[in-house]
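User: I am new to this structure. Could you walk me through it with short questions and answers?

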Amino acid sequence: MTDQHCPGFEANKSITEVTVKCPECGQKKEIFSDEMDKKVTCSSCGKAFDPMQNKVE
Ligand SMILES: [Zn+2]
């Protein structure tokens with residue numbers, strides 16, 4: 001495939017999935033790497049936390 005008519009699609013290649021863990025209740029959540037600079041809201045307890053500091057290795 002050498003079709004490059006859509007530069008926006010190319011930019012998406014750098015986005016990866018990141019697993020984070022809620023510091024409050026331990027619930028794991030998958031987010032995309034472009035969401036790392038925003039607060040994540042836990043789907044279990046509703047706490048908003050910083051994904052940068054709660055990454056799961
Ligand atoms: Zn939680």
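The turns below go from the overall layout to single residues.

User: In what order do the elements of the protein run from the N terminus on?
Analyst: This is a predicted model. The protein has one helix and four strands. From the N terminus on, the order is α-β-β-β-β.

User: Which residues coordinate the zinc ion?
Analyst: Each donor is an SG atom, at 2.3 to 2.4 Å from the zinc ion. Along the chain, the donors follow the spacing C-x2-C-x16-C-x2-C. The residues are Cys22, Cys25, Cys42 and Cys45.

User: What arrangement do the four donor atoms make around the zinc ion?
Analyst: Four donors count as tetrahedral if all angles lie between 85 and 135 degrees. Around the zinc ion, the angles are 106 to 115 degrees. The arrangement is therefore tetrahedral.

User: How many residues apart in sequence are the parts that cysteine 22 and cysteine 45 tie together?
Analyst: Both cysteines coordinate the zinc ion. Cysteine 22 sits in the loop between β1 (17–21) and β2 (28–32), and cysteine 45 in the loop between β3 (40–41) and β4 (48–49). The pair therefore ties together parts that lie apart in sequence by 23 residues.

User: Is cysteine 45 buried or partly exposed?
Analyst: Buried means under 20% relative accessible area, and exposed means over 50%. Cysteine 22, at 3%, counts as buried. Cysteine 42, at 6%, is buried. Cysteine 45 has a relative accessible area of 39%, so the term for cysteine 45 is partly exposed.

User: How many disulfides does the structure hold?
Analyst: A disulfide is a covalent bond between the sulfur atoms of two cysteines. Here the sulfur atoms of Cys22, Cys25, Cys42 and Cys45 coordinate the zinc ion. The number of disulfides in the structure is zero.

User: Which residues make up the largest nonpolar core?
Analyst: In soluble globular proteins, nonpolar side chains tend to be buried together. In this protein, buried residues make up 18% of the 57 residues. The largest nonpolar core has eight residues in all: Val18, Val20, Cys22, Ile31, Met36, Val40, Cys42 and Phe49.

User: Which residues is isoleucine 31 in contact with, leaving aside neighbours within four places in sequence?
Analyst: Isoleucine 31 belongs to the largest nonpolar core. Contact means heavy atoms within 4.5 Å. With those neighbours left aside, the contacts of isoleucine 31 are Thr16, Glu17, Val18, Val20, Met36, Val40 and Pro51.

User: What separates the C-alpha atoms of glutamine 27 and serine 44?
Analyst: Glutamine 27 lies in the loop between β1 and β2. Not counting residues up to four places away in sequence, glutamine 27 touches residues including Cys42, Ser43 and Ser44. Glutamine 27 and serine 44 are 17 residues apart along the chain, and their C-alpha atoms are separated by 6.5 Å.

User: Which residues does proline 23 touch, not counting those up to four places away in sequence?
Analyst: Proline 23 is also in the loop between β1 and β2. At 47% relative accessibility, proline 23 counts as partly exposed. The residues touched by proline 23, on that count, are Lys47, Phe49 and Asn54.

User: How far apart do the end C-alpha atoms of residues 21–49 lie?
Analyst: An unreviewed UniProt entry carries the annotation "domain: TFIIB-type" for residues 21–49. The span is 0% helix and 34% strand. The end C-alpha atoms of the span lie apart by 9 Å.

Technical notes
Residues are numbered from 1 along each chain as its sequence is written. This is a predicted model: local features need pLDDT of at least 70, side-chain atom pairs count only at pLDDT 80 or more; totals for chains, interfaces and linings use all residues. Side-chain values use heavy atoms; hydrogens and water are left out. Donors are N, O and S atoms within 2.8 Å of the metal (3.2 Å for Na, K and Ca); water is not among the atoms, so sites may look incomplete. Four donors count as tetrahedral if all angles lie between 85 and 135 degrees; four count as square planar and six as octahedral if opposite donors are over 155 degrees apart and all others between 65 and 115; anything else is irregular. Helices (H or I, at least four residues) and strands (E, at least two) are DSSP runs, numbered from the N terminus. Buried means under 20% relative accessible area, exposed over 50%, partly exposed in between (1.4 Å probe, protein chains only). A disulfide is a pair of cysteine sulfur atoms within 2.5 Å. A nonpolar core is a set of buried Ala, Val, Leu, Ile, Met, Phe, Trp, Tyr and Cys residues joined through side-chain atoms within 4.5 Å. UniProt positions are given in the numbering used here, feature names are shortened, and annotations may be inferred rather than shown by experiment.
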